[in-house]
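Here is a short tour for the bench. Have the sequence and the 3D view open as you read along.

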Amino acid sequence: MSKHSNETAQSLGHRLLADMIRIRVFEERCAELYGESKIRGFLHLYIGEEAIASGVMSSLGPTDAVLATYREHGHALLRGISAESIMCEMFGKSTGCSGGRGGSMHLFDETTRFFGGNAIVGGHLPLAVGLGLADQMLGRSDQVTVCFFGEGAVAEGEFHEALNLAALWNVPVLFCCENNRYAMGTSLQSSESQVDLALKAASYAIPAWSVDGMDVMEVHKATTKALTAIRAGGGPMFIEFQTYRFRAHSMFDPDLYREADEIEQWKQRDPIVTFRERLLRDGDVTSDEIDQMWAAARAETEAAVEVADAAPLESVDTLLEFVTLDTAPRENAANGPPIINDDEVWP
Amino acid sequence: MSAAGEGDIRSMTYREAMHEALHEALANDDRVFIMGEDVADYGGTYAVTKGLYEEFGRDRVRNTPLSESGFVGAGIGAALGGLRPIVEIMTVNFSLLALDQLVNTAATFLHMSGGQFNVPLVVRMTTGAGRQLAAQHSHSLEGWFAHVPGLKVIAPATAEDARWMLPTALADPNPVIIFEHSGLYNDRGPVDPDTGPVDLDHAAVRRSGSDLTIVASAGMVPKALAAAEQLDKSAISAEVVDLRSLRPLDIPTLAASLERTNRALVLDEGWRTGGLNAEIAATLTDVCFWSLDAPIARLAGAEVPIPYAKHLEIAAIPQVDDIIAAAANLVRPIG
């Protein structure tokens, strides 16, 4: 169950707004740091989509499992991985949450059961089924595995295999499809014969519906409802969150495939701006409180940058670590292999 | 139900040995379960899991749809979630549908996560030709998997190893792929019930000899031993080393053998180009160069998809006579 299950609507609103602001500030700073060459490799920004991670993460309990994509800084931050250790990871430092091995696309954290940062589109969906199967077979009936993926994953075979297995085995998994309408530069309309993604999921006998992913409260409500049903033994569920990324696919992307008008229209629905306006209008938050949220997020991010800048690089001596784990030597290994009379083995 | 500690060495087929190992694993550890195509009611394509679902139920002997990537990925997730899955893939050819999961995920998760998430997964699959199953069920691609850091790759060649490698693989914190040569299932050999889990790190000298070392694995091992018997009649004494583990390779055992014999013939049922035996030959050349009396020889599968017709299939992979000829030529070169 969510650790915040008793909180009031007002404090929930505060928390969701503050969460979205934390992601926005963190990622805008990441973009600057990319320009300064502090962060390298691929950097996929989530700006514009913050309502989804905020609404979903705020619904989870501490022992639930999370799998995300390569656009996962926000999910990681709200799952409870510290801004410092995420920033250190993006700087390639030894104190990063993946020891500098993963970078922006591969954030991992054992204590919060955050299983990546997965960058093969659709590849982590079967893992979610397996994690759910483990919960089911080990009798951990209060745990749910939440799996984020973009609409591009729907074209992959692993999406279909995973949804079929999940339904067949009735595993406690929530599939969260973040439909930002473009798989890199390929639009949903140009890549799918059926663009109703909830309908696709429903064809596997999975309860599925579509939600406005720009409205954090709608995301939170839909997720809470789904999680309650899954925890009650309802099996896998699928939610499509309709959203839009305001930035290009990655820092390498010149964004030639979207009309400026389209981007501008979606920016009018900025999840932070619209939710802030709603809270102000309803008297649930004051301008001062909002200013404090931005200030706190900036302080958090700047502290993370400072730590990451000063953090040590991993020693090259550790290059070959974490490839396989050592196994204890076996008793009968010490004396070398026996010489076997081949007549006995091969009559 | 384990037979361990009950004394007498028994004669078992490779299939029976593997079945008993699976039975013991299910009986000993509630976290262990088997999943794959037709592992339950059908009893497994090669009848290795026959009878297990009746005893352990459908949850623990779990049929899957024809979704190799899906159920191998589910195995990875289950391993991450605390179970000890044994995933059966019908043949190595079908495992190509799950390469993404095995290479991009199972092999990388520990590293990408900075050591936080290991994947204690066991994957079993058949390999090899000899049953006239043609070009989509007969290949030997284990060398591809042996190329990948993060995986452990083993190939039992004897009933004893078929019986006792599995518990070690299950205890291993890393993903372990077990290749079972389909031509071995009916072969019979002694199994010691008291052996217990064997190490996966060492090659085994299956036959001692002094004139050359024949390096073999899986289905090539019985052929190498048969060839060695024949070579004896020509006064050529062949030592046969069974690799057992394809990754990591036990170079010290191979090198020690080569230091005794000064010549080596490295067998591979897979294709020659880029084959695992090229890796072995190159490494042994580095390590043993000053002990070599001849260049290290290789014998591998022909560069062709495996054909259906019996005589063509026989011609496509190394046979006992080919091994005898290659060994004899290495020891007493013709011309």
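What follows looks at the side of one chain that touches its partner, and then at one strand and its neighbours.

Please keep in mind that this is a predicted model.

**Where the chains touch**

Let's begin with the contact between the chains: 54 residues of chain B are in contact with 47 residues of chain A. On the chain B side, at least two residues each come from α3 (68-80), α5 (99-106), α6 (109-112), β8 (188-191), β9 (204-207) and α9 (220-233). Of these, α3(B) gives the most, with 10 residues. By character, the side of chain B that touches chain A is made up of 20 nonpolar, 25 polar and nine charged residues.

**A strand with both faces covered**

Now turn to strand β5 of chain B, residues 122-127. Why is β5(B) described as largely enclosed by the rest of the structure? Six of its six residues are buried, so the rest of the structure largely encloses it. Both faces are covered: one side carries Val122(B), Arg124(B) and Thr126(B), the other Val123(B), Met125(B) and Thr127(B), and all are buried.

Which strands pair with β5(B), and in what sense? The table shows them.

| Strand pairing with β5(B) | Residues | Sense | Bridges | Residue opposite Arg124(B) |
|---|---|---|---|---|
| β4(B) | 84-91 | parallel | five bridges | Glu88(B) |
| β7(B) | 176-181 | parallel | six bridges | Ile178(B) |

Arg124(B) is a handy landmark here: Glu88(B) stands opposite it, and so does Ile178(B) in β7(B). Arg124(B) is also one of the buried residues of β5(B).

Conventions. Residues are numbered from 1 along each chain as its sequence is written. Chains are lettered from A and ligands numbered from 1 in the order in which they are written. This is a predicted model: local features need pLDDT of at least 70, side-chain atom pairs count only at pLDDT 80 or more; totals for chains, interfaces and linings use all residues. Two residues are in contact if their C-beta atoms, placed from the backbone, lie within 7 Å. Helices (H or I, at least four residues) and strands (E, at least two) are DSSP runs, numbered from the N terminus. Ala, Val, Leu, Ile, Met, Phe, Trp, Tyr, Cys and Pro count as nonpolar, Asp, Glu, Lys and Arg as charged, and the others, Gly among them, as polar. A residue is buried if 20 or more other C-beta atoms lie within 10 Å of its own, exposed if 12 or fewer, and partly exposed in between; C-beta atoms are placed from the backbone. Two strands pair if DSSP finds at least two bridges between them.
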